[in-house]
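Student: Before we examine this entry, may I ask that each label be justified by a value and a cut-off?
Tutor: Certainly; the entry is shown here.

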Amino acid sequence: MTPSTIEKRDDLISYLDAALALEHATIPTYLTAYYSIRSTTNSDAAHIIRVAAVEEMLHLTLVANVLNAIGGKPDLTRPGFVPSYPAYLPDGEDDFTVDLRPFSPEAVETFCKIERPGSAPSADARLVKTPEGQTPLLVSSPTAEGMRFYSIGEFYDEIIEGLEEVSAGDPSLFCGDPALQVGREFFYSGGGEVIVVTDLDSAQRALRFIAAQGEGLDSGMYDEEGELAHYYRFRQLQLGRYYEVGDRPDAPSGPALSISWDDVYPVKVSPRLADYPAGSELARVARDFNADYGAFLALLTRAFNGQPGLLQEAVCDMFRLRDGFNRLVCNPLPGSGGLHAAPTFEIPATAGSDPQTSPGAGETARAVTR
């Protein structure tokens, strides 16, 4: 059996920092697809994507609770926290990258690849070698150089087992300030509830819930609350029908979904600020959006570091970004052959940073590499 890559508290903190980055990295790609949909169209798809984005916020909160419980410090403003898109998010094989793209069959295919279930064929296969010359993001092992995980589910299983091993030798592992925990009163959504983390059992439950709600790995198509895992929600968009209880994964029998792939702004895939004409209004709006997004991440960081009452404001802020999105996606991007503009998520190093909670503020942002 492959030896554990988690031996001490610092290893757990490194893994949970990576988990925060992993859970966040899907949000820009979901939001880009969501806001590319023309108003009043594709209501089924818009709802599915919106709910997934809100639940990724729940996953962020659960990881932050575990991190705080063991004495770590959640920081969503640290350099490199937001990846440079397109980005590798290994979920089993290295056969795809995550892009910022409009709602489309390609976008939905990527969503399914991000969330797809993936149990390693054996315990020894949980960790696999990183292909030479490739620097994958987020699901790499922070402590075993050159290795990444077979899937996101296996990544979380490593942390769950690591918590048990470290706590067995360190009775003071759960030493965090209980006042930093985000409780149910500070966050609510349609699927799942916040778990306050105080010990090994609650920490493992929080992480198992994340894996189940995303992949449905252990609990099948539905999580313990009877909600479809993200993977199967996105499969509905590919298969054109909603699932009914008792359906096979490849054969939903519920009502048909109404999807119009043409009612979408044709935004440029994974645009960069360098694509915008220098000095143009679109360039200014794109920079303003990135600063606003940086402020949103700073607000989340404050919520996870002693001001949990800010969390609901942060969830609302995520959807207040609509104005910035609309000012970009509704407009053609000069020189792009008729494609439209979109946010680039290149976050300036000082955007919304808080020196009290962001020790890396002022450094140049860079891609996440582990």
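Tutor: We begin with a definition: a residue is buried when its relative accessible area is under 20%, exposed when that area is over 50%, and partly exposed in between. Please keep in mind that this is a predicted model.

Student: Why is Y34 called buried or exposed?
Tutor: The relative accessibility of Y34 is 12%. The cut-off for buried is under 20%, so Y34 counts as buried.

Student: What makes Y35 buried or exposed?
Tutor: Y35 has a relative accessible area of 3%. That value also falls under 20%, and therefore Y35 is buried.

Student: How do you know which kind of aromatic pair Y34 and Y35 form?
Tutor: In general, a pair of aromatic rings is described by the distance of the centres and the angle of the planes. Ring centres must lie within 6.5 Å, and planes over 60 degrees apart count as edge-to-face. For Y34 and Y35 the centres are 4.8 Å apart and the planes stand at 70°, so the pair is edge-to-face.

Student: Why is the pair of F289 and Y293 described as it is?
Tutor: Their ring centres lie 6.3 Å apart, within the 6.5 Å limit, and their planes meet at 15°, under the 30 degrees required for stacking; therefore the pair is stacked. Both residues belong to helix 7 (residues 281-303), where they are four residues apart, about one turn of the helix.

Student: Are F289 and Y293 buried or exposed?
Tutor: The relative accessibility of F289 is 2%, and that of Y293 is 0%. Both values are under 20%, so F289 and Y293 count as buried.

Student: Which aromatic cluster contains these rings?
Tutor: One aromatic cluster is formed by Y34, Y35, F289, Y293, F296, F325 and F345. The count of aromatic pairs in the structure comes to 16.

Student: What places R322 in contact with this cluster's tyrosines, and is R322 itself buried or exposed?
Tutor: R322 lies in helix 9 (residues 322-329). Leaving aside neighbours within four places in sequence, R322 is in contact with Y34 and Y35. R322 and Y35 are 287 residues apart along the chain, yet their C-alpha atoms are separated by 7.0 Å. The relative accessibility of R322 is 38%, which lies between 20% and 50%, so R322 counts as partly exposed.

Student: What surrounds H24, and why is H24 called buried or exposed?
Tutor: H24 is located in helix 1 (residues 9-36). Not counting residues up to four places away in sequence, H24 touches L60, F81, V82, Y293 and L297. At 0% relative accessibility, under the 20% cut-off, H24 counts as buried.

Student: How do you know that the span of helix 4 agrees with expectation?
Tutor: Helix 4 (residues 152-169) has 18 residues and, at 1.5 Å a residue, should span 26 Å. Its end C-alpha atoms are 26 Å apart, so the two values agree. Among its buried residues are F155, Y156, I159 and L163.

Student: How does helix 2 fare under the corresponding test?
Tutor: Helix 2 (residues 43-69) reaches 39 Å from its first C-alpha to its last, close to the 39 Å expected for its 27 residues. Helix 2 is mostly covered, with 23 of its 27 residues buried. Just after helix 2, G71 takes a positive phi of about 90°.

Student: What makes T40 and S270 notable in their backbone angles, and are they buried or exposed?
Tutor: T40, in the loop between helix 1 and helix 2, has a positive phi of about 75° although T40 is not a glycine. Its relative accessible area is 80%, over the 50% limit, so T40 is exposed. S270, in the loop between helix 6 (230-239) and helix 7, is also a residue other than glycine, with phi near 45°. At 9% relative accessibility, under 20%, S270 counts as buried.

Student: How do you know that the peptide bond from Y85 to P86 is cis?
Tutor: The omega angle of that bond is near 0°. P86 is in the loop between helix 2 and helix 3 (105-115).

Student: Where does the predictor's confidence stay under 50?
Tutor: pLDDT stays under 50 over residues 354-370. The mean pLDDT of the protein chain is 84, and 80% of its residues reach 70 or more.

Notes:
Residues numbered from 1 in each chain as written. Predicted model: local features only at pLDDT ≥ 70, side-chain atom pairs only at ≥ 80, totals over all residues. Heavy atoms only, no water. pLDDT = per-residue confidence, 0-100. Contact = heavy atoms within 4.5 Å. Helix = DSSP H or I, 4+ residues; strand = E, 2+ residues; numbered from the N terminus. Expected span 1.5 Å × (residues − 1). Buried < 20%, exposed > 50% of the residue type's maximum accessible area, 1.4 Å probe, protein only. Phe/Tyr/Trp six-rings, centres within 6.5 Å; stacked < 30°, edge-to-face > 60°.
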